[in-house]
Amino acid sequence: MSLPDVLRSPLTLPVVASPMFIASGPELVKAQCQAGVIGSFPALNARPAALLDDWLHDIRESNAKHAEANPGAVVAPFAVNQIVHKSNDRLDADMELVVKHQVPIVITSLGARPEINDAVHSYGGIVLHDIINDRFAHKAIEKGADGLIAVAAGAGGHAGTQSPLALLQEIRAWFDGPLLLSGAIAHGRSILAALAAGADFAYVGSAFLATHEANVVDGYKDMIVDSSAADIVYSNLFTGVHGNYLRGSIEAAGLDPVALPESDPSAMSFGTDDSKAWRDIWGSGQGVGAVEGVVSAADLVARLRAEFDAAKAELTAKLA
Ligand SMILES: Cc1cc2nc3c(=O)[nH]c(=O)nc-3n(C[C@H](O)[C@H](O)[C@H](O)COP(=O)(O)O)c2cc1C
């Protein structure tokens, strides 16, 4: 199956920059799109909710102006993430703005709902739904999502436990639509690996935390730079859903990272004012060993592109 038109837009790299709670705002999304990768942000990051209208306007206008001023530039489309969990008390209002602005790509997490997919399809948008196993992948497509984001072990924020190879293999056995791979992708070589394993795009989050445009404190950016896979802790304590976090931030909060209690999943809450956990306990995927400094999003995309090209050449030589 060929990709929908919006996913066939010219890009610098086959990358969707993943939405990150608190961290991804208009500055980061514009920088990502203007560097030629699909940028995204969670609608919940616009607080108060009315700000979402301004953000959507700003991103569209800035990207259009950039394209006009730089005729040769690759300017990628953008996506908005909706947390489709019953505790999200803003979902209906945020969806109205998504429809008003005809957001080209909507990323849905923590729940698949046909009426959300229908609303996005009403103006020609597409929905990518994130899943952590093949059973949820089937459900998402049955409910009308257009594509899947396979969130494998090692992803920043809420993450699965399955090997990326196993997850993609099972999904590709029955699904030939748009498929993205999420989890620990922070090097150009890993983007190529995602494509080789069956994905159409790599979904990259944590590496963008160490950029000037990310809306997080400097201490968080520095900890991303200083950390590697061994510093990532998997726990469901902070939101009720299992996710990956920086050991240093857990210690700084006075907790013992190797003796964290289990959380009650009914404590899950993603509504208007649930940002505290993410402000103090910092999410990160296992790929951050590749991050060696805080740079602009454009420089990060340039690094990934150079690594991707080098990996392609290396692989071609290996296979010759
Ligand atoms: C700090 C942080 C916050 C995140 N917040 C969200 C979110 O609000 N919505 C969402 O769908 N995914 C969220 N994610 C998960 C990402 O969308 C994606 O699956 C992940 O970043 C990919 O793995 P990587 O970080 O190893 O690249 C978050 C990830 C991080 C690191």
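This report describes the sheets, one buried residue and the ligand surroundings of the structure above, which is a predicted model.

**The eight-stranded sheet**

The strands β1-β9-β8-β6-β5-β4-β3-β2 follow one another in that order in an open sheet of eight strands, and their pairing is parallel. At its edges stand β1 (15–17) and β2 (39–42), each of which has a single partner strand, so one side of each is left without a neighbour in the sheet. From one strand to the next, the twist averages 25 degrees.

The table lists some of the parallel pairs of this sheet, with the bridges that join them.

| Strand pair | Bridges | Direction |
|---|---|---|
| β3 (residues 78–83) and β4 | five bridges | parallel |
| β4 and β5 | four bridges | parallel |
| β5 (residues 126–131) and β6 (residues 147–151) | four bridges | parallel |

Individual residues can be placed within these pairs: the bridge partner of Q82 in β4 is T108, V106 stands opposite V127 in β5, and D130 stands opposite I149 in β6.

**Strand β4 and the helices beside the sheet**

How is strand β4 (residues 105–109) enclosed by the rest of the structure? Five of its five residues are buried, and the strand is therefore largely enclosed. In a regular strand, side chains alternate between the two faces of the sheet. Both faces of β4 are covered, with I105, I107 and S109 buried on one side and V106 and T108 buried on the other. The chain reaches β4 from β3 by way of helix α3 (residues 91–100), and this β-α-β crossover is right-handed. A right-handed β-α-β unit is also made by β4, helix α4 (residues 114–121) and β5.

Beyond these connections, strands β5 and β6, which are joined by four bridges, are both touched by helix α5 (residues 134–142), which packs on the sheet with its direction at about 160 degrees to that of β5.

**Residue L148 in strand β6**

L148 has its place in strand β6. Is L148 buried or exposed? It has 26 other C-beta atoms within 10 Å, and because 20 or more count as buried, L148 is buried. Leaving aside residues up to four places away in sequence, L148 touches L128, H129, I131, A137, A140, I171, F175 and L179. One of these contacts, F175, is 27 residues apart from L148 in sequence, while the two are 9.2 Å apart in space, C-alpha to C-alpha.

**The three-stranded sheet**

A further open sheet has three strands in the order β7-β11-β10, and its pairing is antiparallel. The edge strands here are β7 (157–158) and β10 (232–235), each of which pairs on one side only. Strand β7 is joined by two bridges to strand β11 (residues 243–246), and the two run antiparallel; within this pair, G157 stands opposite N244 in β11.

**The surroundings of the ligand**

The ligand is surrounded by 25 residues, of which the closest are G156, G157, G205, G283 and G285. G157 thus appears both among the closest residues to the ligand and opposite N244 of β11 in the three-stranded sheet. By type, the shell around the ligand divides into eleven nonpolar residues, 13 polar residues and one charged residue.

How values were computed. Residues numbered from 1 in each chain as written. Predicted model: local features only at pLDDT ≥ 70, side-chain atom pairs only at ≥ 80, totals over all residues. Near = placed C-beta within 6 Å. Nonpolar A, V, L, I, M, F, W, Y, C, P; charged D, E, K, R; others polar. Pairing = 2+ DSSP bridges. Axes fitted to C-alpha atoms, helices over the stretch in contact; angles between N-to-C directions. Contact = placed C-beta atoms within 7 Å. Buried ≥ 20, exposed ≤ 12 C-beta atoms within 10 Å, placed from the backbone. Right-handed = clockwise from strand over helix to strand, strands pointing away.
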